[in-house]
Amino acid sequence: MPLSASLARGVGPTTPGTLHARAVTGELSAPPRQGLTVRFGRGEKPDVDLGVGVDDLRVSRRHGELTYRHGSWWLRNTGRQLVRLPRGRMMHLTTEPIPLGTGYTPLFVKGSGYREHLVELYVAGHDDQGPVSRRRAETVRPETWALDEDERLLLVVLGQRYLLYEEDPRPLTYATAAKQLAYLRPDGNWSERRIEHRIEAVRRRLDRSGFRYQLLHDKSQGRPADNSLLHNLIKGLVESTTLVPPDLDLMEDDTAWPDPAP
């Protein structure tokens with residue numbers, strides 16, 4: 001049977017709870033039967049049901065498994081390397097199993113060097129109708145967040161490395177941003193203190209609006225660094241296209257500035 005393009009496109013009508021799994025080597029389906037386990041990894045049958053990273057010695061022969069119990073498929077990492085799930089969540093050999101929700105879940109098995117091996121999972125729900133063409137449908141616009149003129153300028157300066165799509169970007173420090181803003185808007189009174197207050201106000205407002213990343217301190221889990229919350233803010237604004245590369249035009253005199261301090 002030829003491989004489907006991707007489980008991300010959905011599956012046809014089937015028994016709710018059915019597990020579909022796919023890798024470059026093949027694909028399988030498993031019924032929602034109590035105690036049934038599906039295994040994946042570098043090994044061969046009968047040790048594994050789905051081959052993953054078959055040419056990569058960093059991938060364990062039996063790297064992970066999915067077991068159906070109590071109405072859900074539970075994912076467990078049984079390999080030496082990490083397994084990465086959506087939103088950056090990592091699973092280690094010692095991580096407790098997690099249940100999969102219905103729908104599509106991609107996971108990535110860490111391999112040699114920068115290699116990651118994709119395993120696509122799809123748990124059928126009650127309303128799966130199979131792949132549906134939506135070529136003529138209107139595009140759903142990304143959810144963006146309202147910023148006033150000063151907030152946009154401030155966040156562009158702080159997040160310029162993100163808008164340049166640098167690898168592993170970090171925000172500028174408030175001190176560095178204050179110097180650049182003083183050059184760009186000499187009458188703006190952009191002190192470090194004022195920057196801090198404006199950023200905190202934005203974080204609080206967007207947190208109330210359902211922003212996808214943590215923006216406020218969670219006192220029950222300790223006090224994270226403000227820099228981590230600022231990173232979350234800028235990352236979310238760039239991912240949502242609230243801030244876009246053309247916004248760098250607001251820094252029209254940036255060529256006259258020295259490189260930002262690390």
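Which residue just after α4 takes a positive phi? The residue is Gly210, with a phi of about 90°. I begin with this detail, and I shall return to the helix after an introduction to the chain as a whole.

Colleagues, the structure before you is a predicted model. The mean pLDDT of the chain is 88, and 88% of its residues reach 70 or more. Two stretches call for caution. Over residues 220-224 the pLDDT stays under 50, and the model gives this stretch five contacts beyond four places in sequence. Residues 254-258 also have a pLDDT below 50, with six contacts in the model beyond near neighbours in sequence.

As to the general composition, the chain has five helices and 11 strands. Of its 262 residues, 42% are buried. If one takes the contacts between residues at least 6 apart in sequence, 54% of them join residues at least 24 apart. The exposed area of the chain is about 16000 Å², of which carbon and sulfur atoms supply 48%.

Let me turn to the sheets. One is an open sheet of six strands, in the order β2-β1-β11-β10-β7-β8, with antiparallel pairing. At its edges are β2, residues 26-30, and β8, residues 90-91, each of which pairs on one side only.

Moving inward from β2, we come to β1, residues 19-23, which pairs with β11, residues 116-123, over four antiparallel bridges. Here Arg22 stands opposite Glu120 in β11. The next pair is β10 and β11, which run antiparallel and are joined by eight bridges. Within this pair, Leu107 has Val119 in β11 as its bridge partner. The two strands form a hairpin with five residues between them, and in the turn Gly113 has a positive phi of about 60°. Strand β10, residues 103-110, also pairs with β7, residues 83-84, in the antiparallel sense over two bridges. Arg84 has Phe108 in β10 as its bridge partner.

The other sheet I wish to describe is an open one of five strands, in the order β4-β3-β5-β6-β9, and its pairing is mixed. Which strands stand at its edges? They are β4 (50-51) and β9 (98-99); each has a single partner strand, so one side of each is left without a neighbour in the sheet.

Within this sheet, β3, residues 37-41, is joined to β5 by four bridges, and the two run antiparallel. Phe40 has Gly64 in β5 as its bridge partner. Strand β5, residues 64-69, is mostly covered, with five of its six residues buried. On to β6: this strand pairs with β5 in the antiparallel sense over six bridges, and Tyr68 stands opposite Trp73 in β6. Strand β6, residues 72-77, is in turn joined to β9 by two bridges, again antiparallel. At that junction, Leu75 stands opposite Ile98 in β9.

Some backbone details deserve separate mention. Most residues other than glycine have a negative phi, and most peptide bonds are trans. Where does this chain depart from that pattern? A cis peptide bond joins Lys45 and Pro46, with omega about 10°; Pro46 lies in the loop between β3 and β4. His70, a residue other than glycine, has a positive phi near 55°. This residue belongs to the hairpin of β5 and β6, which has two residues between the strands, and His70 is exposed, with a relative accessible area of 66%. Asn189, likewise not a glycine, has a positive phi near 55°. Asn189 is found in the loop between α3 (174-184) and α4, and is exposed, with a relative accessible area of 60%.

That loop brings us back to α4. This helix spans residues 192-208, has 17 residues and reaches 25 Å from its first C-alpha to its last, close to the 24 Å expected. Which of its residues are buried? They are Ile195, Arg198, Ile199, Val202, Arg203 and Leu206. These residues cover an arc of only 140° around the axis, which puts them on the same side of α4. On the other side, Arg193 and Arg208 are exposed. Just after the helix stands Gly210, the residue with which I opened, with its positive phi.

Thank you for your attention.

Technical notes
Residues numbered from 1 in each chain as written. Predicted model: local features only at pLDDT ≥ 70, side-chain atom pairs only at ≥ 80, totals over all residues. Heavy atoms only, no water. Expected span 1.5 Å × (residues − 1). Buried < 20%, exposed > 50% of the residue type's maximum accessible area, 1.4 Å probe, protein only. Arc of directions from axis to C-beta. Pairing = 2+ DSSP bridges. Contact = heavy atoms within 4.5 Å. Areas by Shrake-Rupley, 256 points an atom, 1.4 Å probe, with all protein chains shown as cover. pLDDT = per-residue confidence, 0-100.
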